[in-house]
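Trainee: I'd like to learn how to read a model like this one. Can we go feature by feature?

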Amino acid sequence: MTIVEIVDTHGGFKLVTDNITTQNPRLLLWVIGFITFFLSSVLDSLASTIVMISLLQKLVPLSEYQKILGGVVVIAANAGGAWSPIGAVTTTMLWINGQVSAVQTMKGLFLPSVISLVVPLVLMSLTSGVNGKEQRSLDVFASEPIAPRGQLVFSVSLGALIFVPVFRSLTGLPPYIGMLLGLGMLWIFVDAIHYGESERQKLKVPHALSRIDTQGALFFLGILLSVSSLEVAGILREIANYFDAHVPRCELIASAIGLISAVIDNVPLVAATMGMYDVSSFPQDSEFWQMIALCASTGGSILIIGSAAGVAFMGMEKVDFFWYLRKVSGFALAGYAAGIAAYLALHNLNIFQPTLAEVHFLSGS
């Protein structure tokens, strides 16, 4: 969160804006979708949504089309975060707790995540809301100039974020240590390039720390504490036993959890799932855990209240629940189903499954 704030104060995300030059509404739909998709694989889906919605408010005039693009951002942010261990909070939770590994998650979920975005984009490209005559004369606003050395800060920050899974793989230490190490290196770098520039204190890390969403971090902490209390009380184990007795296949359990995440925030659902099952029930990188990562993240796009990205979009664009239900939910549901179908097809064909050599390498033996 601090690294994202540092990039934002330096105007680093304007590098994205400056490269969006198309005035074709249909093409802009795809450009925004895929930029958000890959951005959310490095940032978390919430930060990516906030960044992209802020850019859209400067790029596109206030209109129905701007809101549709915002819906695309929510779908793309949740799809892009699903396949990356540092993307969606839910995938990060599974990675930190050892249910999935970085390499196999990226290999197994990348293509299904892309399909869960491409299907809604194809369907939305064919709708009158995107292709209507009123959208033909789309104006792209000029972006503000980037801050001094903003491009350099953006590159170093991106490297610090990508460094985290590499650090975890090389050392076996918890990911938060790699993230704090990256932040420390960025802190030294930013202080060095702004040394002696007293008028630019707002560009430095202490100012960024004062602006991060501490309440959001405490919210997730409260969720995890609440779920842990349910686990200690044995309630989650009873729910798991009920699923095992009445739901015959793990694919159905994962798909159902994804649908439930459209109504209930996906973070507590994944935390509860980790409390219900452990790696003795389903080993690391099994089909069940990978489907949980995919379904919990992409399922959160079906309703606007299902993910932090959707809630952020609702607040920033003043979009209500029923508008999203009418205009976006159907496309998100189609993408959700297509992503699951793609994963099951690839899994049944044994594509992207780890070889024996890869298993030994990933386990460190």
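Mentor: Sure, starting with burial: buried means under 20% relative accessible area, exposed means over 50%, and partly exposed is in between (1.4 Å probe, protein chains only). Keep in mind that this is a predicted model, where local features need pLDDT of at least 70, side-chain atom pairs count only at pLDDT 80 or more, and totals for chains, interfaces and linings use all residues. Residues are numbered from 1 along each chain as its sequence is written, and side-chain values use heavy atoms, with hydrogens and water left out.

Trainee: Is Glu64 buried, partly exposed or exposed?

Mentor: Glu64 is partly exposed, because its relative accessible area is 33%.

Trainee: Which residue does Glu64 form a salt bridge with?

Mentor: The general idea is that side chains of opposite charge can pair when their charged atoms come close. The cut-off here is a side-chain nitrogen of Lys or Arg within 4 Å of a carboxyl oxygen of Asp or Glu. Glu64 pairs with Lys327, with the closest N and O atoms 3.7 Å apart. Glu64 sits in helix α5 and Lys327 in helix α18, so this pair ties together parts 263 residues apart in sequence. Helices here are DSSP runs (H or I, at least four residues), numbered from the N terminus. Lys327 is partly exposed too, at 34% relative accessible area.

Trainee: How many salt bridges are there by this rule?

Mentor: Two. Arg249 also forms one with Glu251, the closest N and O atoms being 2.8 Å apart. Arg249 is partly exposed at 49%, while Glu251 counts as buried at 11%.

Trainee: How do I check a helix such as α19?

Mentor: Compare its span with the expected one, which is 1.5 Å times one less than its number of residues. For the 20 residues of α19 (329-348) that gives 28 Å, and the end C-alpha atoms are 29 Å apart, which agrees. Its buried residues include Phe331, Tyr336, Ile340 and Tyr343. Among the elements covering them are α5, α7, α14, α16 and α18.

Trainee: Where is Gln290 found, and what does Gln290 touch?

Mentor: Gln290 is in helix α16 (residues 287-299) and counts as buried at 4% relative accessibility. A contact means heavy atoms within 4.5 Å. Leaving aside residues up to four places away in sequence, Gln290 touches several residues, including Val100, Gln104, Asp285 and Tyr343.

Trainee: What is the mean pLDDT of the chain?

Mentor: pLDDT is the predictor's confidence in each residue, from 0 to 100. The chain's mean is 81, and 89% of its residues reach 70 or more. Be careful with residues 354-365, though, where pLDDT stays under 50.

Definitions and conventions: Helices (H or I, at least four residues) and strands (E, at least two) are DSSP runs, numbered from the N terminus.
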